[in-house]
Amino acid sequence: GEMSDLHVSPDLDDPRIPRVSQNGPPFPFPLADRRYTPVFYDRGTEYGDGHTYYEALCHGLINRETMQSGSSRWGTDGELPPATQEIAAFVEALRHVNSNLLQLLKTALLKRNVPPELVTEFIQGAFRNVAIQVHYGKNVTTDYAARWLQHMDHPMSALHLGVTLHGQRNVFFARPSVEQQPITDIQAEEAHETNNPLRLTETQGSVYCSSPTAVRHYTSLPSLDVTQRSVAMQCRVMLRADSVRELGE
């Protein structure tokens with residue numbers, strides 16, 4: 001598909017775009033492949049009262065089958081539906097142009113004595129676990145995010161690409177001087193205040209590649225109505241649940 005179609009239209013009345021909704025008002029999402037029906041889960045008040053957060057989980061493989069895979073949201077293998085053809089094409093192009101990087105990563109993991117079968121699964125799954133995250137409503141302040149939302153990711157984000165498709169959000173990464181271990185809420189807030197975290201203001205078309213498994217981070221958002229909503233695509237590593245646990249160990 002044409003990559004120019006990979007966006008979320010702000011026009012809620014656009015008849016060309018199918019509606020997708022779950023536990024809330026509908027919002028449009030491009031569906032080039034009509035066999036794919038993403039389910040957007042309502043993440044509740046995770047980002048505070050008055051803020052809406054939906055997330056859809058899918059895979060970026062070229063095949064159009066539902067796959068059994070681990071997820072950032074459950075501890076066992078579950079069903080991941082296919083992403084749109086545009087997203088799958090993006091993921092495959094990303095892997096193709098970065099094939100040398102993936103080969104270097106494979107060599108490095110083997111040198112660290114990671115089991116070869118786990119290394120193979122990791123490289124084959126790179127960027128193929130995809131989440132689409134939608135935020136709108138009440139703002140999420142930097143202070144609130146630093147105190148309550150600061151975290152480190154699961155092993156599936158050891159290699160992680162974030163792409164902003166619509167709207168705006170601010171992503172903060174702790175500096176290397178911040179302790180990379182479980183800390184209290186108060187310590188997390190103090191780390192935010194004293195260590196000057198790296199701030200990325202992400203707008204439509206912004207991209208970052210990181211390893212949030214290894215660094216504390218959090219996201220703040222401005223006040224957004226549904227037409228201004230923040231929509232981000234997170235490309236992680238597609239792994240079986242037992243492989244996620246093994247890699248974490």
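**Exercise 1. Find which residues arginine 199 is in contact with, leaving aside its neighbours within four places in sequence.**

Step 1. Start from the rule: contact means heavy atoms within 4.5 Å.

Step 2. With neighbours within four places in sequence left aside, the partners of arginine 199 are Asn170, Val171 and Phe172.

Step 3. Place the residue: arginine 199 belongs to strand S10. Strands (E, at least two residues) and helices (H or I, at least four) are DSSP runs, numbered from the N terminus.

Step 4. Is arginine 199 buried, partly exposed or exposed? Arginine 199 counts as partly exposed because its relative accessibility is 45%; buried means under 20% relative accessible area, exposed over 50%, and partly exposed in between (1.4 Å probe, protein chains only).

A word on the model: it is predicted, so local features need pLDDT of at least 70 and side-chain atom pairs count only at pLDDT 80 or more, while totals for chains, interfaces and linings use all residues. Residues are numbered from 1 along each chain as its sequence is written, and side-chain values use heavy atoms, with hydrogens and water left out.

**Exercise 2. Work out the order of the open sheet that 3 strands form.**

Step 1. Two strands pair if DSSP finds at least two bridges between them.

Step 2. S9 and S10 are joined by 6 bridges and run antiparallel. Across this pair, arginine 169 stands opposite glutamate 202 in S10.

Step 3. The full order is S10-S9-S12, with antiparallel pairing. Strand S10 (198-203) and S12 are the edge strands, each pairing on one side only.

Step 4. Now add a helix: H4 (residues 142-149) lies across S9 and S12, at about 145° to S12. Such angles run from 0 to 180 degrees between N-to-C directions, and axes are lines fitted to C-alpha atoms, for helices over the stretch in contact.

**Exercise 3. List the buried residues of helix H3 (residues 116-125) and say what covers them.**

Step 1. The buried residues are Leu118, Val119, Glu121, Phe122, Ile123 and Gly125.

Step 2. Their cover includes helix H1 (85-97), helix H2 (99-111), S7, S13 and helix H6 (241-248).

Step 3. Look just past the end of H3: phenylalanine 127 there takes a positive phi of about 70°.
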